Amino acid sequence: RSEVPLTLVIADLDHFKRVNDELGHQNGDRALQLVARRLQEELRRIDHICRIGGEEFALILPDTGQEAAQEVVGRLLDAAFSEEVVHENQVVDLRVTFSYGAVTFPAAGADAFELYRKADAMLYLSKDLGRNQCHFWNSLGEHVRILPSLPKT
């Protein structure tokens, strides 16, 4: 309504099936709780975090142009999404990363379906090119790629 920029980021946990298979579904649920909590800590109060299925989240960043959104996603890529969990009576460090796809309104489209479709395409580009990264859509096809500042070990 206000015609101010808005960025939609689709986030998908990398290799989540492996977490469930190797550490059990209870720890998979803990991983989802961890990432929801950490996303809330990293984002602003006006931002919206929605679980849209399985291990996929939508982040809606109101009043946020692409440049500012790139800074936000860079912070998320550098954030530690980890905690110690117990699996088979041993303490294990549960670490997860995200792949992201992002678009900014109004440049990426005028309706929610178009924005989602483009953000989802950018998410799959991030996954195809190695995961733990983000691609921002742009109209020239020169998508902006963001990687973590430091490699995760």
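# Reading strands, cores and charges

Reader: Let's begin with a hairpin. In what sense do β4 and β5 pair, and over how many bridges?

Author: Strand β4, residues 82–87, and strand β5, residues 90–95, are antiparallel partners joined over six bridges. Keep in mind that this is a predicted model. You can start at H87, whose bridge partner in β5 is Q90. Two residues lie between the strands of this hairpin, and E88 takes a positive phi near 50°.

Reader: How should I read a whole sheet, and what is the order of the strands in the open one here?

Author: A general idea helps when you look at side chains: in a regular strand they alternate between the two faces of the sheet. Here, six strands make up an open sheet with mixed pairing, and the order is β2-β3-β1-β6-β7-β8. At the edges are β2 (48–53) and β8 (144–146), each of which pairs on one side only. From one strand to the next, the twist averages 20°.

Reader: How many bridges join β7 to β8?

Author: Three bridges join them, and the two strands run antiparallel. Within that region, look for H135, which stands opposite R145 in β8.

Reader: Which strands do α2 and α3 touch as they pack on the sheet?

Author: Helix α2 touches β1, β2, β3 and β6, and its direction makes about 10° with that of β3. Helix α3 touches β1, β3, β6, β7 and β8, and its direction makes about 175° with that of β7.

Reader: Now the interior. Which residues have the most contacts inside the largest nonpolar core?

Author: They are F81, F98, Y100 and C134, in a core of 30 residues. Several elements each supply at least two residues, among them β1, α2 and β6. The largest share comes from α3, with five residues. For a closer look, take C134: leaving aside neighbours within four places in sequence, its contacts include V73, L77, Y100 and I146. There is also a second, separate core of 11 residues, which includes I10, A58, A108 and L123.

Reader: On to charges. How many salt bridges are there?

Author: The count is 11. A pair counts when a Lys or Arg side-chain nitrogen lies within 4 Å of a carboxyl oxygen of Asp or Glu. K127 and D14 qualify at 3.8 Å, N to O. K127 sits in helix α4 and D14 in the loop between β1 and α1, so to speak of distant parts of the chain is fair: they are 113 residues apart. Both K127 and D14 are buried.

Reader: Why does K17 count as exposed, and K118 as buried?

Author: The cut-offs decide: buried means under 20% relative accessible area, exposed over 50%, and partly exposed in between. K17 counts as exposed because its relative accessibility is 60%, and D21 is exposed because its relative accessible area is 51%. These two meet in a salt bridge at 2.6 Å, four residues apart in helix α1. K118 is buried because its relative accessible area is 12%, while E114 is partly exposed because its value is 23%. K118 and E114 meet at 2.9 Å and both lie in helix α4.

Reader: Which residues are linked in a network of salt bridges?

Author: R38, E41, E42 and R75.

Reader: And how far is E56 from the nearest side chain of opposite charge?

Author: That side chain, K127, is 7.3 Å away, and E56 is buried without a salt bridge. E56 lies in strand β3, and its contacts beyond four places in sequence include I10, R51, Y116 and L123.

Terms used:
Residues are numbered from 1 along each chain as its sequence is written. This is a predicted model: local features need pLDDT of at least 70, side-chain atom pairs count only at pLDDT 80 or more; totals for chains, interfaces and linings use all residues. Side-chain values use heavy atoms; hydrogens and water are left out. A nonpolar core is a set of buried Ala, Val, Leu, Ile, Met, Phe, Trp, Tyr and Cys residues joined through side-chain atoms within 4.5 Å. Buried means under 20% relative accessible area, exposed over 50%, partly exposed in between (1.4 Å probe, protein chains only). Contact means heavy atoms within 4.5 Å. Two strands pair if DSSP finds at least two bridges between them. Axes are lines fitted to C-alpha atoms, for helices over the stretch in contact, and angles run from 0 to 180 degrees between N-to-C directions. Lys and Arg count as positive and Asp and Glu as negative; His and the chain ends are not counted.
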